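Here's a quick tour of the fold you have on screen. Keep the structure open and click along as you read.

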Amino acid sequence: MKRLATAFFMALLLMIFGCANIVSRVADVGRPEYRFKVEKNVMVPMSDGTMLATDVYIPKGLGRAPAILIRTPYSKGTKGDLAPLNLIVTRLFAGQGYIVVIQDCRGRFDSEGEFYSFLNEEQDGHDAVAWVLAQPWSNGMVATWGPSYLGYTQWAAGYDSPHLDAMVPMVTTADMTSVLFEGGAINYQNMLGWSTTNVGKGQNKYSARRLEKSYWTLPILEADDALLGKTVQFYDDIVTRRVLDILAITSYDDKFQRVSAPVLSIAGWYDLFAKYQIEDFQRLKAEGQSPARKMSKIIVGPWGHGFFQNPPVKFPDGGIIKLGQLGRTLDFYGQLMKGEDNGVESWPDYTIFVMGRNEWIGLEQWPPPEVSVRPMYLVSSGHANSSRGDGSLSWEDPSEEADEDYYIYDPQDPVPTAGGPLLGADLGPKKQNKIEERADVLVYTSEEMTSPLTIIGPVSVTLYASSDAVDTDFTAKLCDVYPDGTSINLTDGIIRARFRDGDLKKPELIEPGKTYEYEIDLWNTAHAFMPGHKARLQISSSNFPRFDRNLNTGEDVASGSSMEEAGQTIFHDAERPSRINLPVVPE
C-alpha cells in the first residue's frame, strides 16, 4: 500500500505536470532555449543568522537575468517526494532563460533552524527575495512559483515587496489558519496526515493502513502519538486550537493592500483551498496596489490537490495541462519580467471551468452579476432516510404542516468520507450511492432536469434542526445524480453546533430539544445539471475522517473520549424552511 506522503506528493506533481517529460510534450511551452549550471547547497543567511540551503540554476551564456524563487518544505533536491520538481524547474523555467532559486524552508532538510508550519515564512521569504536581488546574476526582476505550501510561501513574501514582479500560487491560500477548521470542525483527515508527515528535518513514512487506524484514536489529542509514537506539536496545537493564537501574526487580513505583484492564481473546484483561494483573489483585486489590481488573474478548473484516481466522471477538457497553464505561466512571467507583449491584461479576470457542460468561460466578476440565489426546499413525509426514502427538493415554498425527518447519529459508526477536497488518493468526485443507503443520511432529490440548471457561485444550506445532545454536527453535501442513478459529489460542508456563531474561541453548547437555525457553507462551484440529471442534497451529522467526529457529549474536543448517540430532527415546514441556496444562472 502506498504511503501517504508519496501518494499525495506524486499525485500533486502529476496533476500539475502530467509526467516528468511534460515540457517536451506541451506545444505551447516550446523547447528549452538555454542550458544551465547548478550551484548546490548555497547557504543563504536570514536576518536572524539562520542559514537556509538553496540551489541555484543559472542559464549559460545569458548574463544577468530575471529569477524565479521557489521556497519549499518538501526538499529542494532528491531527498523528498517532490524530487521531480527539479526536473520540471530545469527544463521549463531555467531552459526558458530564468534563474531558478529553490530553497529549503527553515528547519527542513538541508536548512538550519526549527520548523513550525507557516510561522517563519514571512520574514524568511522577504529575506530570500532580498538575497536574490543582491546577487550578481540578478537583473533586478524576481518572481515566485509553486503549489500548496510553496504557494503559501509566495503570499508570505508577497506583501511589502515592491521589487517582487509576479507570483503564481497554485492550490493554496494566503492565510493557512482558514483551512485548519471548517464550520468549527477540524479538517481532520488532511491535517493529521499532513502534519505528521512533515515534521522535523525530513518526512515521516507510514502506511495508509496505519494512518487510517490512527483516525479512530480517542482522545484525538493522542492520534499523532498513536501514529508516530511521538507528539507532533503543530498537530496538537490544531486540535487544542492553540494554533489560532500562535499563527495570529501570519494573518493576511490587512496585507492584501500591501501587495503590488500581479498574481496568476490557479485553483481547483475539488481542492481544499478552493473557497479561500477565490476569496484571496477577490481581496487582492479590491485592495491590492498597482499593478496587482489590474494584472492579476485566476483560473479555476475541475481538479483537486492531486489527480483523480479512477474518477467516476470525466471532464474532457478539464486537465490542467489541456488549458495550457504551463504556457500561460510563461506568458505571465514573460510579460511582467521580460516585457513581452503576451496580452495578459486582456485575459478574463476569472477563467472558470463549468462542470457538467465541460466548458471554459471567462468572467470579470465572481459570482457573475446575472446570478440569482434561488432556494430549493427540503420536502418529505417524514421518511427521507437513505435514497430509498421519500425526500425531495422543490422550488415551491414548504407547506404549513410539513413532517420533519429524524435520524440517529452514532459517533461509533460515522458516515465515511467519500471523495471531496482531500489530500491523498481519495480526493475529488466519487460515487455516493453506498453512502446514500445509510439510514443516518437524509437524502433529498429534485425532479429530473428538462433543461440545464447551471449554478455558478457560492452554495449554502439553511438548516432548521434540533438534537437531544448538548453538542453535535450537521453536514450537507450537494450531488449530481446521473440518468443511470449514479450520484456524484460536487461540494459539501459542516457546522459544529457549539461553534454555530463562527467564533472558534468561544464555544457555546446547545439546549437539547431546542430548534436552531444553522448555516452550512458548501463553498463555491460552477456546475450544470444537464437534462436527465437530478440535484441531490445529503444531510447527516458526520463525514469521517475528513472531519473529526463530534462525540455529542460537550466535552473538550481535543481531550474528550466518551461518546453518546444523538437523535437529530430536521424541520422543513413554512416557519422552518430548511433549504439549499443555489446561485442560478438564467438560461
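## The big picture

There are 14 helices and 23 strands in this protein. Keep in mind that you're looking at a predicted model. Its radius of gyration is 24 Å, which agrees with the value near 25 Å for a compact globule of 587 residues. Lay the C-alpha atoms along the principal axes and they fill a box of roughly 80 × 55 × 45 Å.

How much of the protein is buried? Of the 587 residues, 63% count as buried. As for contacts with a separation of 6 or more, 76% come from residues 24 or more positions apart.

## Surface and charge

The accessible surface adds up to about 21300 Å², and carbon and sulfur atoms account for 48% of that. On the charge side, you'll find 55 positive and 77 negative side chains. The centres of those two sets lie 10 Å apart.

## Strand E4 and its partners

Strand E4, residues 99-104, is a good place to zoom in. Six of its six residues are buried, so the rest of the structure largely encloses this strand. Which way do its residues point? Ile99, Val101 and Gln103 go one way, while Val100, Ile102 and Asp104 go the other, and all are buried.

E4 has a partner in E2 (residues 51-59), which runs antiparallel to it and is joined to it by four bridges. In that pairing, Val56 stands opposite Val101 of E4. E4 also pairs with E3 (residues 65-72), this time in parallel and over six bridges. Here Ala67 is the residue that stands opposite Ile99 in E4.

## A hairpin: E11 and E12

Now jump to residues 350-354 (strand E11) and residues 359-363 (strand E12), which pair antiparallel through five bridges. Look for Phe353, which stands opposite Trp360 in E12. Four residues sit between the two strands of this hairpin, and Gly356 takes a positive phi near 85 degrees.

## Helix H5

Is helix H5 mostly covered or mostly open? It's mostly covered: ten of the ten residues in H5 (residues 149-158) are buried. Among them are the aromatics Tyr149, Tyr152 and Trp155, along with Leu150, Thr153 and Gln154. Gly151, Ala156, Ala157 and Gly158 are buried too. After H5 comes Asp160, which has a positive phi, near 55 degrees.

## Two threonines to click on

Start with Thr329, which sits in helix H14 (residues 325-338). Its relative accessible area is 4%, so Thr329 counts as buried. What does Thr329 touch, once you set aside neighbours within four places in sequence? Its contacts are Phe93, Trp145, Val168, Leu264 and Ile266.

The other one is Thr569, found in strand E22 (residues 566-571). Thr569 has 14% relative accessibility and therefore counts as buried as well, given that the cut-off is under 20%. Not counting residues up to four places away in sequence, Thr569 touches Glu404, Asp405 and Tyr406, plus Tyr464, Ala465 and Ser466. For a sense of scale, try the distance from Thr569 to Thr144: the two are 425 residues apart in sequence and 50 Å apart in space, C-alpha to C-alpha.

Note on methods
Residues numbered from 1 in each chain as written. Predicted model: local features only at pLDDT ≥ 70, side-chain atom pairs only at ≥ 80, totals over all residues. Heavy atoms only, no water. Rg over C-alpha atoms; globule rule 2.2 N^0.38 Å. Buried < 20%, exposed > 50% of the residue type's maximum accessible area, 1.4 Å probe, protein only. Contact = heavy atoms within 4.5 Å. Areas by Shrake-Rupley, 256 points an atom, 1.4 Å probe, with all protein chains shown as cover. Lys, Arg positive; Asp, Glu negative; His and termini not counted. Charge placed at Lys NZ, Arg CZ, Asp CG, Glu CD. Pairing = 2+ DSSP bridges.
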